[in-house]
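Have the model open and ready to rotate? Let's take a walk through it together, one stop at a time.

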Amino acid sequence: MAWLYAEYIADELLRTGDLMPPTSFEFRAGRDALALTIFLSDTDGELPGIRVVTQLDTWLSLTAYDQPWQDWVAERMDQLTAETAESGGTGPDLELAAAAWRWLEETELLAPDLDAVPGGVPPGESEGNEVWTPAWQLGLPLGHLAIHLF
């Protein structure tokens, strides 16, 4: 239930920010990155009982540009997997989070190339420079901005 609650919070934050159409892959990337952040930052199992506004600063710091978010997610996923294996139980929340993480890592979305050389596009090329970007690299800043706008 904790994963579904994290996903719900992420969805509401993104919809409130009105940054992307909810049917877009970019929205899904933002929702999944934000839901992972919310789910994995809940170290005490209190997610369903939290007040969202009390956690916004934590989520902002975890999704900030200069943070190693991808490494943090991998470490927390490993830690939760080990804890679940130790307890001998199954973790449906962990399985859903793992599926979201796989999608974010394995899926690439076409995004504007922010490192492109300024000064225009050479004749014969498309309107703008675009590159294939892992979904998490597109979704993370979107989630971060949605938190700011909340």
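What follows is a short tour that begins at the N terminus, moves through a set of charged side chains, and ends with some contacts between distant parts of the chain.

Keep in mind throughout that this is a predicted model. Let's start at the beginning of the chain. M1 sits in the segment before α1, the helix that covers residues 2–17. Is M1 buried or exposed? Its relative accessibility is 69%, and anything over 50% is called exposed, so M1 counts as exposed. M1 also has company: together with L4 and L96, M1 makes a nonpolar surface patch of about 330 Å².

That patch leads nicely to a helix pair. Two packed helices are described by the angle between their axes and the distance between those axes. Here the pair is α1 and α5, the latter spanning residues 92–106, and their axes come within 7 Å of each other. The crossing angle is roughly 45°, so α1 and α5 are oblique to each other. Which residues meet at this crossing? From α1 come A2, W3 and L4, and from α5 come D93, L96, A97 and A100. Notice that L4 and L96 turn up again here, having already appeared in the nonpolar patch with M1.

Move along to the loop between α1 and α2, where α2 covers residues 25–41, and you'll find D18. Most residues other than glycine have a negative phi. D18 goes the other way, with a positive phi near 50°. As for its surroundings, D18 has a relative accessible area of 63%, so it is exposed.

Now for the charged side chains. How many salt bridges does the structure hold? There are four. One of them joins the side chains of R31 and E7, at 3.8 Å from N to O. This pair links distant parts of the chain, since R31 is in helix α2 and E7 is in helix α1, 24 residues apart. E7 counts as partly exposed because its relative accessibility is 21%.

R31 has another partner too: D32 forms a salt bridge with R31, and their closest N and O atoms are 3.5 Å apart. Salt bridges that share partners join E7, R28, R31 and D32 into one network. The R28 link in that network is a salt bridge between the side chains of D32 and R28, 3.5 Å from N to O. Because D32 and R28 are four residues apart in helix α2, about one helical turn separates them. Their exposure is worth a look as well: D32 has a relative accessible area of 3%, so D32 is buried, while R28, at 31%, is partly exposed.

Further along is S61, which has its place in helix α3, residues 52–63. With a relative accessibility of 42%, S61 counts as partly exposed. Follow the chain from S61 to H144 and you cover 83 residues, yet the C-alpha atoms of the two are separated by 8.9 Å.

The last stop is W132, found in strand β2, residues 130–134. Is this tryptophan, W132, buried or exposed? At 57% relative accessibility, W132 counts as exposed. Leaving out residues up to four places away in sequence, W132 touches E108, L109 and L110. A111 belongs in this picture too: W132 and A111 are 21 residues apart in sequence, and 6.2 Å apart in space from C-alpha to C-alpha.

Definitions and conventions: Residues are numbered from 1 along each chain as its sequence is written. This is a predicted model: local features need pLDDT of at least 70, side-chain atom pairs count only at pLDDT 80 or more; totals for chains, interfaces and linings use all residues. Side-chain values use heavy atoms; hydrogens and water are left out. Patches are made of residues with over 30% relative accessible area and no salt bridge: like charges are joined within 9 Å, nonpolar side chains (Val, Leu, Ile, Met, Phe, Trp, Tyr) within 5 Å. Accessible areas come from the Shrake-Rupley method with a 1.4 Å probe; for residues, only the protein chains shown count as cover. Helices (H or I, at least four residues) and strands (E, at least two) are DSSP runs, numbered from the N terminus. Buried means under 20% relative accessible area, exposed over 50%, partly exposed in between (1.4 Å probe, protein chains only). Axes are lines fitted to C-alpha atoms, for helices over the stretch in contact, and angles run from 0 to 180 degrees between N-to-C directions. Angles under 35 degrees count as roughly parallel, over 145 as roughly antiparallel, 65 to 115 as roughly perpendicular and the rest as oblique. Contact means heavy atoms within 4.5 Å.
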